[in-house]
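I went through this structure one feature at a time and kept short notes. The entries follow in the order in which I looked things up.

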Amino acid sequence: MARLLHLLNKELDLPGFGMDEIGGVAFFRSMIAIPHKKLDKKHFAAALQSVKLACKTFAPTIDAVAVGATTVDSLIRKAQDAM
């Protein structure tokens, strides 16, 4: 799982996947700059949409690795074959 999350973070423009081994959960963390202590609502909404999209896009793959339906090595081979 750690290898998959690291690979996803390497490829994403907005990395943030992580895992808590003690709690047994994967998560996505995002940092948003708030200059002058004022939250820009449009910037926040765009950042939130990016996080939602990343999680929605990669959740099936993360789940497949988590339950053992596939492996990271298999995913890498498939990606290489597609190129």
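**Aromatic pairs.** The model is a predicted one, and I began by searching the whole of it for aromatic pairs, which gave 2. For Phe17 and Phe28 I noted ring centres 4.8 Å apart and planes at 90°, so I entered this pair as edge-to-face. I then looked up where the two residues sit: Phe17 is in strand E1 (residues 17–20) and Phe28 is in strand E2 (residues 25–28), so the pair ties together parts that are 11 residues apart in sequence. Phe17 and Phe28 are both buried.

The other pair I wrote down is Phe17 with Phe58, again edge-to-face, at 6.2 Å centre to centre and 90° between the planes. Here the ring pair links distant parts of the chain, since Phe17 is in strand E1 and Phe58 is in helix H2 (residues 41–66), 41 residues apart.

Are Phe17 and Phe58 buried or exposed? I found 9% relative accessibility for Phe17; buried means under 20%, so Phe17 counts as buried. Phe58 comes out at 21%, so I listed Phe58 as partly exposed. Taken together, Phe17, Phe28 and Phe58 are linked into a cluster by ring pairs.

**The hairpin.** Next I looked at how E1 and E2 are joined. The two strands run antiparallel, and I recorded 4 bridges between them. The hairpin has 4 residues between the strands, and in it Gly24 takes a positive phi near 70°.

I also followed Gly18, which is in strand E1. Its place opposite in E2 is taken by Phe27. Gly18 has 14% relative accessibility and therefore counts as buried. For a distance across the chain I took Gly18 and Cys55: they are 37 residues apart in sequence, and I noted 12 Å from C-alpha to C-alpha.

**The loop between E2 and H2.** Which residues other than glycine have a positive phi here? I checked because most residues other than glycine have a negative phi. I noted two residues. His36 has phi near 60°, and Lys37 has a positive phi of about 55°. I placed His36 in the loop between E2 and H2, and Lys37 is in the loop between E2 and H2 as well. The relative accessible area of His36 is 80%, so I entered His36 as exposed. For Lys37 I have 83%, and Lys37 is therefore exposed too.

Ile34 is found in the loop between E2 and H2. At 45% relative accessibility, Ile34 counts as partly exposed. I came back to Ile34 in a search for surface patches: with Leu39, Phe44 and Leu48, Ile34 forms a nonpolar patch that has about 330 Å² of accessible area together.

**Helix H1.** I then sorted the residues of H1 (residues 2–11) by burial. Leu4, Leu5, Leu8 and Asn9 are buried. Why do I put them on the same side of H1? I do so because they cover an arc of only 135° around the axis. In general, an α-helix has 3.6 residues a turn, so residues three or four places apart point the same way. On the face of H1 turned away from the buried side I listed the exposed residues His6, Lys10 and Glu11.

**Salt bridges.** My last search was for salt bridges, and the structure holds 2. In one of them the side chains of Asp73 and Arg3 meet, at 2.9 Å from N to O. This pair also links distant parts of the chain: Asp73 is in helix H3 (residues 72–82) and Arg3 is in helix H1, 70 residues apart. I looked up the accessibility of each partner. Asp73 has a relative accessible area of 38% and is partly exposed. Arg3, at 47%, also counts as partly exposed.

The other salt bridge I entered is between Glu11 and Lys10, with the closest N and O atoms 2.7 Å apart. Both of these residues, Glu11 and Lys10, are exposed. I had already met them on the face of H1 turned away from its buried side.

Definitions and conventions. Residues are numbered from 1 along each chain as its sequence is written. Side-chain values use heavy atoms; hydrogens and water are left out. Rings of Phe, Tyr and Trp (its six-membered ring) pair if their centres lie within 6.5 Å; planes under 30 degrees apart count as stacked, over 60 as edge-to-face and the rest as tilted. Buried means under 20% relative accessible area, exposed over 50%, partly exposed in between (1.4 Å probe, protein chains only). Patches are made of residues with over 30% relative accessible area and no salt bridge: like charges are joined within 9 Å, nonpolar side chains (Val, Leu, Ile, Met, Phe, Trp, Tyr) within 5 Å. Accessible areas come from the Shrake-Rupley method with a 1.4 Å probe; for residues, only the protein chains shown count as cover. A salt bridge is a side-chain nitrogen of Lys or Arg within 4 Å of a carboxyl oxygen of Asp or Glu. Two strands pair if DSSP finds at least two bridges between them. The arc is that of the directions from the helix axis to the C-beta atoms.
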